[in-house]
Amino acid sequence: MLEPHPPEHTPHSWRDFFIHIATITVGLLIAVGIEQTVELIHHRHQRHELEENMRAEAERNVDILTTHLDVNIPNLLWSRAALIAIRSAPEHNGFIDLTLPPPDPNRSHKIMTAPERNVWPAAKAAGTVVLLPAGLAQAYAQVDMQADFDDREVERIRDASALTTRFELATGSRIAPGKPLHLTPAQRDQLVLALSTEIQSLYDLLRRDNLFLVTSQGLLSGVQDTPSLVHYVAAHAPLRTDQYR
């Protein structure tokens with residue numbers, strides 16, 4: 001930043017004095033203007049970088065969440081078929097014997113990874129969100145909220161899956177396509193409860209994955225505020241998960 005310096009010679013008249021003051025004032029104004037221009041350019045760069053990073057993360061999450069749906073929809077359909085088979089299997093001599101359904105022919109062998117959620121929390125921590133227009137910041141916050149809800153559903157499905165895993169460990173059974181089961185009535189009741197809990201959690205996760213997917217697609221489409229994002233989600237009819245209940 002430019003700094004004023006005392007004159008080399010003492011002004012000899014009021015005219016010299018005012019010229020000197022005017023020179024200092026103009027110098028300070030130029031210095032402030034340059035500083036503000038540099039700061040404005042820096043903020044504009046930060047804003048563009050944040051927008052690009054949000055779009056890049058959303059694009060990656062669209063791919064990740066599409067994989068989740070491709071994998072989990074067949075998983076849910078198989079789990080429902082397995083539950084029906086377990087419930088309807090007859091009892092003979094105090095035991096229930098059955099073979100679980102074969103794999104869903106439409107099952108996907110893709111590898112699932114966790115959706116990304118890094119850009120918006122980092123921007124909030126750094127305070128760069130204030131550089132965005134209010135409407136756009138709210139739209140980004142809505143996408144991040146869907147990511148947060150998705151994280152919670154993942155934790156729920158993990159807890160629900162643990163019930164089935166504990167049942168497998170306790171009984172020596174394997175709950176998988178084509179596997180035979182030899183259960184007591186009490187064990188069947190335990191398995192029905194565990195599998196029902198897992199199915200409900202998986203259904204909820206499918207709905208949440210789909211909403212997260214569509215809001216991410218809305219961001220990529222160029223929405224600039226929350227009303228536009230809501231309209232986009234409504235217009236692009238999220239996957240009707242009711243058919244998988």
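Which residues lie nearest the centre of the largest cavity? In this predicted model, they are Met54, Glu57, Asn61, Val143 and Asp144. These five belong to a lining of 15 residues. The elements that give two or more residues to this lining are α1 (14-88), α2 (119-126), α3 and α4. By class, the lining holds nine nonpolar, two polar and four charged residues. The space inside the largest cavity is about 90 Å³. The count of cavities of 30 Å³ or more comes to one.

The overall fold was examined next. The protein chain has 245 residues, and 35% of them count as buried. Its secondary structure consists of five helices and three strands. Along the sequence, these elements follow the pattern α-β-β-α-α-β-α-α. The pattern thus opens with a helix, and two strands come next. Two helices follow, then a strand, and the pattern closes with two helices.

How do two of these helices pack? Two packed helices are described by the angle between their axes and the distance between the axes. Helix α3 spans residues 134-171, and helix α4 spans residues 185-221. The angle between α3 and α4 is about 160°, and their axes lie 8 Å apart. Angles over 145 degrees count as roughly antiparallel, so α3 is roughly antiparallel to α4. The crossing of α3 past α4 is left-handed. The contact of these two helices includes 17 nonpolar residues, along with 10 polar and seven charged ones.

Open space on the protein was also examined. Rolling a probe the size of a water molecule over the atoms shows where empty space is left. The largest pocket holds about 760 Å³ of space. It is lined by 33 residues. Closest to the centre of the pocket are Asn72, Asn75, Met112, Ser161 and Glu198. Which elements give two or more residues to the lining of the largest pocket? They are α1, α3 and α4. The largest share, nine residues, comes from α3. By class, the pocket lining divides into 15 nonpolar, nine polar and nine charged residues.

Helices α3 and α4 recur in these results. They pack with their axes 8 Å apart. Each gives two or more residues to the lining of the largest cavity. Each also gives two or more residues to the lining of the largest pocket. Helix α1 is likewise named for the cavity and for the pocket.

How values were computed. Residues numbered from 1 in each chain as written. Predicted model: local features only at pLDDT ≥ 70, side-chain atom pairs only at ≥ 80, totals over all residues. Heavy atoms only, no water. Axes fitted to C-alpha atoms, helices over the stretch in contact; angles between N-to-C directions. Helix = DSSP H or I, 4+ residues; strand = E, 2+ residues; numbered from the N terminus. Parallel < 35°, antiparallel > 145°, perpendicular 65-115°, else oblique. Left-handed = near helix turned anticlockwise from the far one by under 90°. Nonpolar A, V, L, I, M, F, W, Y, C, P; charged D, E, K, R; others polar. 1 Å grid on protein atoms, 1.4 Å probe; cavity = no way out; pocket = protein on both sides within 12 Å on 5 of 7 lines; lining within 4 Å. Points joined across faces, edges and corners; volume = space filled by probe spheres on them. Buried < 20%, exposed > 50% of the residue type's maximum accessible area, 1.4 Å probe, protein only.
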